[in-house]
Amino acid sequence: MTIKSKITVQLPERFNASTMTGFIESILDNELKPNSNHIIIDFTNLSFITSEGVVILHNITLWLTRNNVKTQFRIPRLSNSPGQANALKYLDDTGFFQLHLHERLWDSSKLRSTTIEIKEVAIEQYIQWLNFTFFPWLSGRLNQQETGFAELNTCLQEIFNNIRDHSQEDIGCVFAQHYPAKNRVDISISDFGVGIPNTVRKVNALISDEKALALATEEGFTSGQTIRNRGAGLHYLLECVTLTFNGCLKIYSGFGELKSYSRKNAAHYRTTKNNCFYPGTLLSISVDDRIIFTGDEEEDFSW
């Protein structure tokens, strides 16, 4: 396939994991290589982007840069005083344009209280990020003591553990959003690694991407990559998010997609094959902010 010298890729009007297919297909060819060595990402039609959409866009933009693709943005004419619902203003407030253009689109842009600044976190620093950035923010949002989020802390640590185990990369991109009107906290984490399916294929070489995701979440499964948390990580994550926190876990890796749901007080999942390839792995969780605080874990002693 001949690589085009320059192409323009249009972001959809509403950008999230469900609408990323056309965007990624415009960027990657069938051999999972960039379609061009110069790609312009067009923001003209973008009117809405979710928290997981922020991570996808950030992840893909960095992926292009790391694959030596010249990447530029086409920005529509900016309003002097954009509203909070303006998708570009939302992205600007997350720090997205500061990271990629080294400047904000508006001087007035600043981090919103309902979000955490999008950030790349080295795996060896994830505990520091959780303890000094994420949980202080969540504690302030919900007006609860940080020590009462111990179970959620364990749950999130499993995400980073699995990035370390499955991706063979040492950096993950993280972003979080609180939707108080919906009683929901969304957390998205992505990496640039080989992806969960490729790790699973070290055990089962012929398995498809979607079946590999299903196998990876089965209790007791291990790829044998590390001795830590063998057979516990993704299964525990699925159970914890879906049942304990009345939430949803979504995983996108390679051509596979997994979504969890609850039925008859048990955690279940559904896997499907995507038409497009997601480089690395995206894990997105949405949890109920009314039940993620499980109380102070300090023990009472009596004599």
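Let's start at one residue and work outwards: setting aside neighbours within four places in sequence, Thr-115 is in contact with Tyr-90, Trp-137, Phe-175, Ala-176 and Gln-177. Keep in mind as you look around that this is a predicted model. Thr-115 is found in strand β6, and with a relative accessibility of 3% it counts as buried, because the cut-off for that label is under 20%.

Those contacts point to several elements worth visiting. Tyr-90 is one of the buried residues of helix α3, a helix that spans residues 87-94 and is mostly covered, with eight of its eight residues buried. The buried set also takes in polar and charged names you might like to find on screen, including Lys-89, Asp-92, Asp-93 and Thr-94. What covers them? Among the elements that do so are β4 (48-49), α2 (51-66), α4 (96-101), β6 and β7.

Now step back to the sheet that holds β6. Five strands form this open sheet, in the order β6-β7-β8-β10-β9, and their pairing is antiparallel. The edges are β6 (115-122) and β9 (248-263), each of which pairs on one side only. From one strand to the next, the twist averages 20 degrees. In general, strands of a sheet pair through backbone hydrogen bonds, in either a parallel or an antiparallel way.

One pairing is easy to trace by eye. Strand β8 covers residues 184-191 and strand β10 covers residues 266-288, and the two pair in the antiparallel sense over eight bridges. If you want a landmark along them, look for Ser-190, which stands opposite Leu-282 in β10.

Helices lie against this sheet too. Helix α1 (residues 20-27) packs on the sheet and touches β9 and β10; the direction of α1 makes about 30 degrees with that of β10. Helix α5 (residues 126-142) lies across β6, β7 (171-179) and β8, and runs at about 170 degrees to β6.

Next, a question a bench biochemist may well ask: how many disulfides does a search of the whole structure find? The count is zero. A disulfide is a covalent bond between the sulfur atoms of two cysteines. Cys-155 has its closest cysteine sulfur in Cys-240, but the distance is 3.8 Å, so the pair is too far apart for a bond; the cut-off used here is within 2.5 Å. For Cys-276 the closest cysteine sulfur is in Cys-173, at 17 Å, which is also too far for a bond. Are these two cysteines buried or exposed? Cys-155 is buried, at 0% relative accessibility, and Cys-276 is buried as well, with a relative accessible area of 3%.

Finally, take in the whole protein. It has nine helices and ten strands. Along the principal axes, the C-alpha trace spans about 75 × 50 × 35 Å. A compact globule with 303 residues would have a radius of gyration near 19 Å, and the protein has 20 Å, so the two agree. Buried residues make up 52% of the 303 residues. The accessible surface comes to about 14700 Å², and carbon and sulfur atoms account for 45% of that area. Of the contacts between residues at least 6 apart in sequence, 68% join residues at least 24 apart. The contact between Thr-115 and Phe-175, where our tour began, is one to revisit with that picture in mind.

Note on methods:
Residues numbered from 1 in each chain as written. Predicted model: local features only at pLDDT ≥ 70, side-chain atom pairs only at ≥ 80, totals over all residues. Heavy atoms only, no water. Pairing = 2+ DSSP bridges. Helix = DSSP H or I, 4+ residues; strand = E, 2+ residues; numbered from the N terminus. Axes fitted to C-alpha atoms, helices over the stretch in contact; angles between N-to-C directions. Contact = heavy atoms within 4.5 Å. Buried < 20%, exposed > 50% of the residue type's maximum accessible area, 1.4 Å probe, protein only. Rg over C-alpha atoms; globule rule 2.2 N^0.38 Å. Areas by Shrake-Rupley, 256 points an atom, 1.4 Å probe, with all protein chains shown as cover.
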